[in-house]
Amino acid sequence: MATPRAPQSQLPPPSPTSQEQERSPSRPKVALQQPSQKKPSLKSTKLFRQFRAVFRSFPIISPACKIPVLLHNSRLSDVHIHGGTRVTGTLFGHRKRRVSLVIQQSSKCLPILLLELAIPTGKLLQELGLGLVRIALECEKRPEEKIKLRDEPLWNLYCNGRKMGYAVKREANEEDLNVMQMLHAVSMGAGVLPSETVDPADGELTYMRTHFQRVIGSKDSETYYMMNPDSNTGPELSIFFVRI
């Protein structure tokens, strides 16, 4: 008499073969925290006037850009940034593709701002290696719309006074979050990251992360200063947001 077979639903699922395990992607689990909802306090009128006086002393390179910028060999040895809110900023992307800028409250938090800039990652990192870099992001005021500055969807982009196209705000996708998760323990640094979607034509996935000082001028302007911890010559990278 034949032994009855167990129902198909009761059979244990087949275990993956070693080849299937090798093909499975080893992505880190995204465990980033929600950013705090605490609103940063506005700076005093005296502090704002000090920064405005500094900005007005900068030479203007291009009349098309409303934000003044410095030449590479200019110095800011007398400029000190006080009263700003410290945030984490990351520039990353494949060398020959557009660079992304991510702002986080800390390296362990989800992004509060993600912009895609119309500049190849390799070119921007090369500019940073040469000296001071000023990025100006401008958009027009729309009095009929009440929108936070960092929620503006589209910006005119200038790099050291040269028009470079546009910057677009977007939501973080799976690849962005994986990059942030891989870097969650990194406070400052630069290097190359592993990527599952490597196309030789795009180049390596590179990043640069550091702390920025966020200074709010008004509801229509704020600036992020990257400070060099090894030098007292002022910020090497400044990012200006302004509605005009």
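**Exercise 1. Determine how strand 1 and strand 8 are joined, and find the residue opposite Leu91 in strand 8.**

Solution. Step 1: strand 1 runs antiparallel to strand 8 (residues 205-218), and 10 bridges join the two. Two strands count as paired if DSSP finds at least two bridges between them. Strands here are DSSP runs of E with at least two residues, helices are runs of H or I with at least four residues, and both are numbered from the N terminus.

Step 2: in strand 8, Met208 is the residue that stands opposite Leu91.

The model is predicted: local features need pLDDT of at least 70, side-chain atom pairs count only at pLDDT 80 or more, and totals for chains, interfaces and linings use all residues. Residues are numbered from 1 along each chain as its sequence is written, and side-chain values use heavy atoms, with hydrogens and water left out.

**Exercise 2. Trace the pairing from strand 1 through strand 2 to strand 3.**

Solution. Step 1: strand 1 (residues 85-94) and strand 2 run antiparallel and are joined by five bridges. The connection between strand 1 and strand 2 is a hairpin of three residues.

Step 2: Leu91 has Leu101 as its bridge partner in strand 2, and Thr90 stands opposite Val102.

Step 3: strand 2 also pairs with strand 3 (residues 113-120), again in the antiparallel sense, over five bridges. Here Ile103 stands opposite Leu113 of strand 3.

Step 4: consider how these strands are covered. Buried means under 20% relative accessible area, exposed means over 50%, and partly exposed lies in between (1.4 Å probe, protein chains only). In strand 1, eight of the 10 residues are buried; in strand 2 (residues 98-104), six of seven are.

**Exercise 3. Establish which residues of helix 3 are buried and how they are arranged around its axis.**

Solution. Step 1: the buried residues of helix 3 (residues 121-130) include Thr121, Leu124, Glu127 and Leu128.

Step 2: seen down the helix axis, the buried residues of helix 3 fall within an arc of 130 degrees, so they line one face. The arc is that of the directions from the helix axis to the C-beta atoms.

Step 3: Gln126, Gly129 and Leu130 are exposed on the other side of helix 3. After helix 3 comes Gly131, with a positive phi near 160 degrees.

**Exercise 4. Find the aromatic pairs and state the geometry of each.**

Solution. Step 1: rings of Phe, Tyr and Trp (its six-membered ring) pair if their centres lie within 6.5 Å; planes under 30 degrees apart are stacked, over 60 edge-to-face, and the rest tilted. This rule gives two aromatic pairs.

Step 2: the ring centres of Trp155 and Phe241 are 5.3 Å apart and their planes stand at 85 degrees, so this pair is edge-to-face. Trp155 belongs to strand 5 (residues 154-159) and Phe241 to strand 10 (residues 235-243), so the pair links distant parts of the chain, 86 residues apart.

Step 3: Tyr224 and Phe241 are also edge-to-face, at 5.6 Å centre to centre with 70 degrees between the planes. Tyr224 lies in strand 9 (residues 221-227), 17 residues from Phe241.

Step 4: Trp155, Tyr224 and Phe241 form one aromatic cluster. Trp155 and Phe241 are both buried, and Tyr224 is buried too.
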